[in-house]
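User: I would like to go through this structure by question and answer. Could you take me through it step by step?

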Amino acid sequence: MIKNFNTDKTGIRFFGLSLARTLAAIFFALFTCFSSASAQKKIYVLTDLEGVSGVYKFAQTREKDSPLNIQACEYFMGDLAAVVRGLRDGGATEIIVLDGHGSQAVIPHLMEPGAKYITGKPRPRTFGLDESFAGEVQFGAHAMMGTPDGVLNHTQSSRSENRYWYNGVESGELVQAAVVAGYYGVPTIMVTGDVAVCREATKFFGPNCITVAVKEGISREAAVLYPFEETRKALYKGARKAMTAIPKCKPYILELPIKVRMEYLNLDPTLPKPVLVTKEGYIQDALHILDF
Ligand SMILES: [Zn+2]
């Protein structure tokens, strides 16, 4: 009797279990299918040094490994750690940091866990960036050349004072980087730097792009600095918020071919004084915007 009951029960249980397993498998497949895009939140952090807390003069950014530069790179790592923590707590599944400043700024022993850090030269300009990223953060950015209140403002070369116009609109490094990310369908979700670069970000990327100002420029090498404890709190909060802004941010895309105008100073020392040079032409492919 008991045996029979057990057999019956086992049969039912077996059927119940297999049904449950099948349903679980279906739900899992559906869940994976619908959530893979949102569950996989890879973030690319493109860094620069000029827009970091406490940095306001070229003596901190131009000469590699001078005492002022080493200290500035420490400020950079402190700000960066706050952003990495914020992104992670906001749901980033993978964070790739690229050391974007010309002379490089990453100090390995100060790396915040939870990200990978690309540094050193030579290497491709945006190494590792591809379609798999959900968003790009432009960290430590600066305003375009000629912005009166832009701390350490420049576009590409601060010495030869380059200026660029794309399809008739003057643009800085913010746009140049966003165009490359946009080529891969990756939106710019956050910009950090001074008040001027935050204003530039909102102008080009719209109000959904999160901006965090860590200082306010007075002139090219003068600023109202905000204390590190406060900027890092703001950077952490901003990064967390940027993760929720991803669906609202759109990749930045310029109409092709891109009509380019470029101005720069020819600093050839054999010339009596620097000469302004103008170059015009077209770029067929957004990925190569910086090769002009
Ligand atoms: Zn830089």
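Analyst: The model is predicted, and a convenient place to begin is the end of helix α5, which is followed by Gly206, a residue whose phi is positive, near 85 degrees.

User: Which residues of helix α5 are buried, and against which elements do they pack?

Analyst: Helix α5 covers residues 195-205, and its buried residues are Ala196, Val197, Cys198, Glu200, Ala201 and Phe205. The buried residues of α5 pack against β4 (135-141), α4 (173-183), β7 (188-194) and β8.

User: Is α4 roughly parallel or oblique to α5?

Analyst: The two helices pack with their axes 10 Å apart and at an angle of about 45 degrees. Angles under 35 degrees would count as roughly parallel, and the crossing of α4 and α5 is right-handed. With the angle of about 45 degrees between them, α4 is therefore oblique to α5.

User: Which residues of α5 do Leu174, Val175 and Ala178 in α4 meet?

Analyst: The contact between these helices involves Leu174, Val175 and Ala178 on the α4 side. Their counterparts in α5 are Val197, Glu200, Ala201, Phe204 and Phe205.

User: What is the strand order in the open sheet of 4 strands, and which strands stand at the edges?

Analyst: The pairing in this open sheet is antiparallel, and the order is β6-β5-β10-β11. The twist averages 25 degrees from one strand to the next. Each edge strand has a single partner strand, so one side of each is left without a neighbour in the sheet; these edge strands are β6 (169-171) and β11 (275-283).

User: How many bridges join β5 to β10, and which residue in β10 stands opposite Arg163?

Analyst: Strand β5 (residues 163-166) and strand β10 (residues 258-266) run antiparallel, and they are joined by 4 bridges. Opposite Arg163, in β10, stands Glu263.

User: What joins β8 to β9, and which residue in β9 is the bridge partner of Glu216?

Analyst: Strand β8 (residues 210-219) runs antiparallel to strand β9 (residues 222-225), with 4 bridges between them. The connection from β8 to β9 is a hairpin through 2 residues. In β9, the bridge partner of Glu216 is Val224.

User: Which residues touch the most other members of the largest nonpolar core, and which helix gives the most to this core?

Analyst: This core has 68 residues, and those that touch the most other members are Ile43, Val45 and Val83. Leaving aside its neighbours within four places in sequence, Ile43 is in contact with Leu87, Ala92, Ile95, Phe133, Ala134, Gly135 and Val137. The helix that gives the most to the core, with 9 residues, is α3 (residues 67-89).

Terms used. Residues numbered from 1 in each chain as written. Predicted model: local features only at pLDDT ≥ 70, side-chain atom pairs only at ≥ 80, totals over all residues. Pairing = 2+ DSSP bridges. Axes fitted to C-alpha atoms, helices over the stretch in contact; angles between N-to-C directions. Core = buried A, V, L, I, M, F, W, Y, C linked by C-beta atoms within 7 Å. Buried ≥ 20, exposed ≤ 12 C-beta atoms within 10 Å, placed from the backbone. Contact = placed C-beta atoms within 7 Å. Parallel < 35°, antiparallel > 145°, perpendicular 65-115°, else oblique. Left-handed = near helix turned anticlockwise from the far one by under 90°.
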